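Trainee: Could you take me through the nonpolar core of this protein and the aromatic rings around it? I would like one close, connected look.

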Amino acid sequence: MNKRAKSLLKNTMILGFGTLCTKGIMFFMTPLFTRWLTSSEYGMFDLLITYITLLVPLLTLAIGEAVFRFILEKNDENDERIILSTTFFLDIIGIIISIVLAILAIIFFNVDKIIAISFISYLITEIFYNFSMMAMRGEKKLSIYSLGNILFVAGLAFFVYIFVGKLKLGLSGILFGYVCGDLIAIITIFTTAKLYTKINFKCFSIKTLKEMIKYSLPMIPNSISWWIVNVSDRTLISIFCGATYNAIYAVANKIPALCTTFFGVFHLSWQQSAIETLNDKDRDKYYSSVFNNMIKIVGSICVMLMGINFLFFKLFTEEYQPGYYQAPILVVAVLFSMMGRFIGGIYVAQMKSKKNGFTTILAAIVNIIINILLIKKIGLYAASISTLISYMLLFIVRYIDIKRQIKLVLNLKSILLFAVVIYFFITAYINSLVLNYINVIIGVLFFCCFNYDYLKELLNKVNKKVRSTN
């Protein structure tokens, strides 16, 4: 394994530990959430969380992505102070705007005060959390980044249990639980990495702000479009089908969300690696190698998760069971999404944020059109099918475009993997109990065999660490 591959693997493993611990706990807490909240409350909670993902980049002009990119290329500590101080100033303005909007909503639209306060509190802490995490990525302090992830979910789990499980505060309680989780992570990152020493409003720079906004501004339509592709389905479901159906769709998304989590860990490392190797002579060969390895790992995870899908839905009550049939479509959709986002990482390295934005907008438009045309006729299937088609389109358009500059080649293993994915997809809808249990075994064995080299390397590293501590 060469130096670049080792660096990518090392970064992925560090990020993976924190992120997978976080998502693993969240995954297993989902059945508790669905029991503590009514299906209508859980559907509304999921919808509010998706609005947070839209509002954060809008209120901060998506400057979080610029923080990561600019800090990586900083010349000295003074440059870092200027970048962080300038970003922090812009985030404060975004927070002030959000507070004003919340007050107006309470006064003029008769919004429930407790829900509005809990929602805005989470939005504010999420802006600071996003700032802290992007700073850690830019500074390459991935261990602290992972620690922040773990502390966030640990705090969230504890306080949601207190607020919702014990005090029965319902929807507002779960939002305040997220606020507490964010605060614990933010305080830890600021103190551990001494971020507070790097923020000084005297270091605010209009020039730096203009440069960062020039880079991040095209990310706003990109962020909005990703939001549309990812979560506009939930809004349309709530409008045309009701909050209860939105809760079913939210649960159905938990299995594909695991695929996204695994890729998200890799994607953070990949963006950094793509930037660092952009001008290497063997760049195309390296990019293709990473691309095919990514498909191999994440695709085999998708296969395994489709295999255990029926076991996952045994954790939920009868009203959530229709989600079982949405999950396989969403898993395949996520696979295409990840392939498209891989190419998006190359666009980030090339600083071609406009291409990132344009292709995502195209996918978002297709998603909305299909949704609107079909949702009254086929209900939840419209949401999952529109997501699949839009992600397929995103990957195809980006792949055709990037091939003009970079020889990104799919190898035979990657192509064969899609045949296996199709098999698991079809058998999920046969829904035979015997076949389901056989697929669980096949899926786990397939994952282990397909990723034998990586698992062996991981076990060797663990063994070395164990021996060194003894």
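Mentor: Happily! The largest nonpolar core has 143 residues, and those with the most contacts inside it are Tyr42, Ile174, Tyr178, Tyr287, Phe291 and Phe342. A nonpolar core here is a set of buried Ala, Val, Leu, Ile, Met, Phe, Trp, Tyr and Cys residues joined through side-chain atoms within 4.5 Å. Buried means under 20% relative accessible area, exposed over 50%, and partly exposed in between, with a 1.4 Å probe and protein chains only. Helix 13, residues 327-349, gives the most to this core, with 17 residues. Helices are DSSP runs of H or I, at least four residues, numbered from the N terminus.

Before we go on, keep in mind that this is a predicted model, where local features need pLDDT of at least 70 and side-chain atom pairs count only at pLDDT 80 or more, while totals for chains, interfaces and linings use all residues. Residues are numbered from 1 along each chain as its sequence is written, and side-chain values use heavy atoms, leaving out hydrogens and water.

Now look at Phe291. Setting aside neighbours within four places in sequence, Phe291 is in contact (heavy atoms within 4.5 Å) with Met339, Phe342, Phe395, Tyr399, Leu408 and Leu410.

Phe395 leads us on to the rings. Rings of Phe, Tyr and Trp (its six-membered ring) pair if their centres lie within 6.5 Å; planes under 30 degrees apart count as stacked, over 60 as edge-to-face and the rest as tilted. The count by this rule comes to 32 aromatic pairs. Take Phe89 and Phe204: their ring centres are 4.5 Å apart and their planes stand at 50°, so this pair is tilted. It joins distant parts of the chain, with Phe89 in helix 4 and Phe204 in the loop between helix 7 (170-192) and helix 8 (206-216), 115 residues apart. Phe89 is partly exposed at 32% relative accessible area, and Phe204 is partly exposed at 23%.

The rings of Phe336 and Phe395 are also at 50°, with centres 6.3 Å apart, so they too form a tilted pair. Here Phe336 sits in helix 13 and Phe395 in helix 15 (residues 380-402), 59 residues apart along the chain. Phe336 is buried, at 15% relative accessibility, and Phe395 is buried at 7%.

Finally, return to Tyr42 and Tyr178 from the start. Ring pairs link both of them into a cluster with Phe33, Trp36, Phe45, Tyr122, Tyr129, Phe152 and Tyr161.

Technical notes: Helices (H or I, at least four residues) and strands (E, at least two) are DSSP runs, numbered from the N terminus.
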